[in-house]
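Welcome, and please open your viewer with the selection tool ready. We will stop at a few places in turn.

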Amino acid sequence: MFEGQPKGLYVLSLANTGERFGYYTMLAIFTLFMQAKFGWSEAQAGNVYAIFLAVVYFSPLLGGILADKIGYGKCVTIGFATMFAGYFCLAVPTAADLTGQLTMYGGLACVSLGTGLFKGNLQVLVGNLYDDPKYSSRRDAAFSLFYMAINIGAMFAPAMAKWITNLYLGNFGFEYDAANYSPDYLNALYGAYGLCFGVACVSLIISVIIYFAFRSWYKHADVNVRQAKDMHVAVEELTPKQTKDRVVALLLVFAVVIFFWMAFHQNGSALTFFAKKYTDLTVTGPLRIGFNIFSLAFIAASVYTCFSAFQSKHRRTRVICGVITLCLWAVAYTLFILMDNTVQAQPSDFQQFNPFFVIALTPFSMVLFGALANRGHEVSAPMRIAWGMLVAAVGFGVITLASTGLISPMDLGEGNQNILSPGWLITTYFTLTIAELFLSPMGISFVSRVAPPKYKGLMMGGWFAATAIGNYLSQIPSRLWNEIPLMYNWGILITLCLISAIVMFSLVKKLGAMTS
């Protein structure tokens with residue numbers, strides 16, 4: 001799994017882990033922050049959330065265009081500085097007035113622009129490592145590992161947000177209470193959320209240190225076409241028809257995945273509102289283990305040591321990994337039995353399940369598709385995307401089933417029903433994560449492999465631009481939250497995923513011919 005990968009992959013992955021930790025700490029509480037500070041409705045908060053996500057994921061298109069001119073590494077460096085300025089603006093305490101809103105919008109603009117300069121171009125650097133024929137066969141596996149590293153940061157982020165929130169509220173004599181709308185409580189709550197933005201500043205500094213301290217491990221990959229020609233380095237030459245076919249193929253993929261991201265990114269809006277309004281946040285029994293981030297971390301780590309125990313070529317290594325696996329399970333179980341019999345969860349806690357499942361399930365997906373490839377049944381990236389869309393529809397089918405018989409938000413008003421087991425949302429996240437593993441890392445790898453050399457930054461930016469459009473459209477369920485029954489809201493997402501899957505299945509052969 002980890003054998004035969006270039007060292008640069010680990011540096012770039014860890015740098016991305018730190019940046020994503022800060023980003024998802026901020027994102028876990030962003031809609032809740034806006035509601036607590038400005039008193040906004042789900043529709044208002046969801047609208048700003050969707051616009052922010054859209055700009056965050058659209059800006060890599062501009063970052064890619066710039067990087068194709070001045071270089072990927074330069075853009076990543078500028079991105080670091082710009083993101084830091086943005087998180088700093090969000091962390092500065094301000095009043096809940098126009099000045100506070102303008103400061104927030106300014107911070108969001110900087111975070112968006114900085115992410116655009118950083119995210120896509122860092123992934124181009126990863127892809128460039130695999131232009132070397134020595135590593136080219138490991139490209140798909142590399143992006144699966146890179147994607148897993150992203151989610152390590154994302155997994156711990158909600159727990160960090162929760163810990164800071166509880167600690168800060170405790171200083172004012174409060175405990176988290178989704179039904180408490182008193183001014184004193186809300187002032188304390190959005191003050192706590194402001195500190196979460198400060199965490200993003202610290203984690204970004206750690207990423208910068210990793211990125212520059214080990215630059216020599218990936219420096220050779222920081223070369224665009226212009227720089228390569230100046231250095232008289234051979235660059236793959238494509239005919240105009242090949243270039244056009246590849247660009248068209250990528251654009252077709254981008255058009256389809258828009259609807260996946262529209263559905264998937266309900267985690268910070270509609271699914272968070274569902275957790276707040278309908279889910280019993282008093283957790284008992286075996287499900288408690290899912291709300292102990294350290295138990296989840298040890299379980300996730302044990303997946304990798306367990307695979308190493310079976311895959312290693314050396315008996316001594318297999319034994320050591322087996323023993324470590326048993327120890328990790330023992331520690332996870334010990335932490336679980338030491339938990340209180342009743343755990344009071346927060347809506348943002350559920351956002352840790354998606355990254356946990358990404359980390360834990362990545363080795364299984366790698367083994368599955370690796371085994372199929374070894375038997376001559378390799379599944380192409382477009383085919384995996386199609387299956388991912390289909391599985392996403394199943395995921396929203398789960399939450400639709402859970403919603404049967406619930407009072408719709410338009411009738412519930414400001415009240416909370418809080419009757420559903422957390423297991424429904426956890427199962428939904430599990431299913432959506434399987435869809436994500438089929439689609440996202442393979443989509444990024446596909447772009448990295450197929451993009452014409454002179455348009456690498458632009459095409460990677462195009463992937464994120466498609467994500468941006470999907471993120472913007474993700475506001476639709478939030479806008480409809482208090483307008484239509486829950487079943488209709490989820491039904492819209494299911495329908496879009498199914499249509500996208502059908503379209504993608506119909507395009508698989510055409511895309512294969514265009515990119516061969």
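**Starting inside**

Select α5 to begin: with 3 residues, this helix gives the most to the lining of the second largest cavity. Helices here are DSSP runs of H or I of at least four residues, numbered from the N terminus. A cavity is a set of points on a 1 Å grid over the protein atoms alone where a 1.4 Å probe fits but cannot get out, and lining residues have an atom within 4 Å of a point. This is a predicted model, where local features need pLDDT of at least 70, side-chain atom pairs count only at pLDDT 80 or more, and totals for chains, interfaces and linings use all residues. Residues are numbered from 1 along each chain as its sequence is written, and side-chain values use heavy atoms, leaving out hydrogens and water.

Now show V124, G127, N128, V447, S448, A451, K456 and M460, which line this second largest cavity. Its volume is about 50 Å³, the space filled by probe spheres set on points joined across faces, edges and corners.

**On to the largest cavity**

Next, pick Y24, Y57, Y147, H265 and E436, the residues nearest the centre among the 25 that line the largest cavity. About 310 Å³ of space lies there. Colour α6 too, since α6 gives the most to this lining, with 6 residues.

**Out to the surface**

Finally, select I209 in helix α7. I209 is exposed (over 50% relative accessible area, 1.4 Å probe, protein chains only), because its relative accessible area is 55%.

Technical notes:
Helices (H or I, at least four residues) and strands (E, at least two) are DSSP runs, numbered from the N terminus. Buried means under 20% relative accessible area, exposed over 50%, partly exposed in between (1.4 Å probe, protein chains only). On a 1 Å grid over the protein atoms alone, a cavity is a set of points where a 1.4 Å probe fits but cannot get out, and a pocket is an open set with protein on both sides within 12 Å along at least five of seven lines; lining residues have an atom within 4 Å of a point.
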